[in-house]
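Got the viewer open? Here is a walk through the chain, one selection after another.

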Amino acid sequence: MADKPPVALEDRGEGGDGRRYSPSAARNREPIRDTLKAHLGLPACVLEIASGTGEHGAFLVNELPGLDWTYSDIDPPSLESQRAWKAAAQSESLHGPLEINAAQSDWGEAEQMGAWDAIFSANMVHIAPFEAAEGLITGAGRLLKPGGMLVLYGPFAQNGVIAPSNAAFDESLKSRDARWGVRDLELDLVPLAGRAGLRLANVIEMPANNLMVVFRKM
Ligand SMILES: C[S@@+](CC[C@H](N)C(=O)[O-])C[C@H]1O[C@@H](n2cnc3c(N)ncnc32)[C@H](O)[C@@H]1O
């Protein structure tokens, strides 16, 4: 039995060069690309929190000219995979990875890198204690440019209403770690965002009962 819960719920395949692969990233990367393209003005410097395998950044810089992407994570094997994806991509638009614990109030190097156009985080706030969501939103309030975007991707409840598949997912998350769980956009996250100087700007439906949620810094 592992000492701590795994950072991802699916098996992440590994290539011989250190790059890890997650089946869900392969499925959602195109819808994420299309939604970012529609909402994020380019050129843009994006800080990704909880980059996981690193597949999203490597795919997106290739697809969206003008996108500049910095990886980060808290988890050493994920940081290793991000390094491997960066090496394989050989793109001047991919940076990091930075070691960032979203729950902390100091994001180290990211604090000194100037204000960010966007902060992106996929599939983290439900697979981490709520402090990670609080830290992510507070950090976005601190580090985004005025008008900058915090973009979240994943499953959410809305105003107490949750899709049956997300309710089942919520139960399975909580059975692994009682601190995890699908967050309610309006009840859990919007109040935090308001205190951080962010307003809810767009909620976009994505495949498989996921959402892309865009907050703007006021
Ligand atoms: C399910 S994976 C999602 C990875 C990737 N964003 C994706 O969608 O494929 C969750 C990620 O959140 C990271 N994570 C968990 N808690 C974190 C925290 N407090 N700060 C930063 N990253 C965290 C884990 O290390 C893991 O890489």
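Before the first click, one term: two residues are in contact when heavy atoms of theirs lie within 4.5 Å. Keep in mind, too, that this is a predicted model.

**Start: the central tryptophan of the tour**

Select Trp-107. Leaving aside neighbours within four places in sequence, Trp-107 is in contact with Leu-47, Ile-49, Ile-100, Asn-101, Ala-102, Ile-119, Gly-135, Leu-136, Gly-139, Ala-140, Arg-142 and Leu-143. Now add Ile-119, Leu-136 and Leu-150 to the selection. Together with Trp-107, these touch the most other members of the largest nonpolar core, which has 31 residues. Colour β6 (116–122), α5 (130–143), β7 (144–154), α7 (185–195) and β9 (210–217), since each of these elements gives two or more residues to this core. Which element gives the most? That is α5, with 6 residues.

Another core lies apart from that one. It has 25 residues, and you can pick out Val-46, Leu-64, Trp-69 and Val-151 among them. As general background, nonpolar side chains tend to be buried together in soluble globular proteins.

**Zoom out: the whole chain**

Show the cartoon. You should be looking at 7 helices and 9 strands. Along its principal axes, the C-alpha trace spans about 45 × 45 × 30 Å. The radius of gyration is 16 Å, which agrees with the value near 17 Å that a compact globule of 218 residues would have. Buried residues make up 48% of the chain. Take the contacts between residues at least 6 apart in sequence: 69% of them join residues at least 24 apart.

Switch to a surface. The accessible area comes to about 10,200 Å², and carbon and sulfur atoms account for 50% of it. If you colour by charge, look for 20 positive and 29 negative side chains; the centres of the two sets are 3 Å apart.

**Next: helix α2 and the loop before it**

Select α2 (55–63). Is this helix enclosed or open to the outside? It is largely enclosed by the rest of the structure, because 7 of its 9 residues are buried. The buried ones are Glu-55, His-56, Gly-57, Ala-58, Phe-59, Leu-60 and Val-61.

Step back to Ala-50, in the loop between β3 and α2. Check its backbone: phi is near 65°, a positive value in a residue other than glycine. Ala-50 is partly exposed, at 21% relative accessible area.

For another alanine of this sort, jump to Ala-208, in the loop between β8 (198–206) and β9. Phi there is near 60°, again positive in a residue that is not glycine. With a relative accessible area of 65%, Ala-208 counts as exposed.

**Then: Gln-82 and two cis prolines**

Go to Gln-82, in helix α3 (residues 76–89). Its relative accessibility is 0%, so it counts as buried. What is it in contact with, beyond four places in sequence? The list runs Ser-51, Gly-52, Thr-53, Gly-54, Tyr-71, Ser-72, Asp-73 and Pro-97.

Follow that last contact to Pro-97, which lies in strand β5 (residues 94–99). The peptide bond leading into Pro-97 from Gly-96 is cis, with omega near 5°. Then select Pro-43, in the loop between α1 (23–39) and β3 (44–48). The bond from Leu-42 to Pro-43 is cis as well, with omega near 5°.

**Last stop: His-126 and Pro-155**

Select His-126, in the loop between β6 and α5. Is it buried or exposed? His-126 is buried, with a relative accessible area of 2%. Beyond four places in sequence, its contacts are Pro-155, Phe-169, Leu-173, Trp-180, Gly-181, Val-182 and Arg-183.

Now click on Pro-155, in the loop between β7 and α6 (164–176). Pro-155 is buried too, at 4% relative accessible area. Not counting residues up to four places away, Pro-155 touches Asn-123, His-126, Asn-166, Phe-169, Val-182, Asn-209 and Asn-210. Phe-169 and Val-182 are among the contacts of both His-126 and Pro-155.

To finish, draw a distance from the C-alpha atom of Pro-155 to that of Lys-37: the separation is 21 Å, for residues 118 apart along the chain.

Conventions: Residues numbered from 1 in each chain as written. Predicted model: local features only at pLDDT ≥ 70, side-chain atom pairs only at ≥ 80, totals over all residues. Heavy atoms only, no water. Helix = DSSP H or I, 4+ residues; strand = E, 2+ residues; numbered from the N terminus. Rg over C-alpha atoms; globule rule 2.2 N^0.38 Å. Buried < 20%, exposed > 50% of the residue type's maximum accessible area, 1.4 Å probe, protein only. Areas by Shrake-Rupley, 256 points an atom, 1.4 Å probe, with all protein chains shown as cover. Lys, Arg positive; Asp, Glu negative; His and termini not counted. Charge placed at Lys NZ, Arg CZ, Asp CG, Glu CD. Core = buried A, V, L, I, M, F, W, Y, C linked by side-chain atoms within 4.5 Å.
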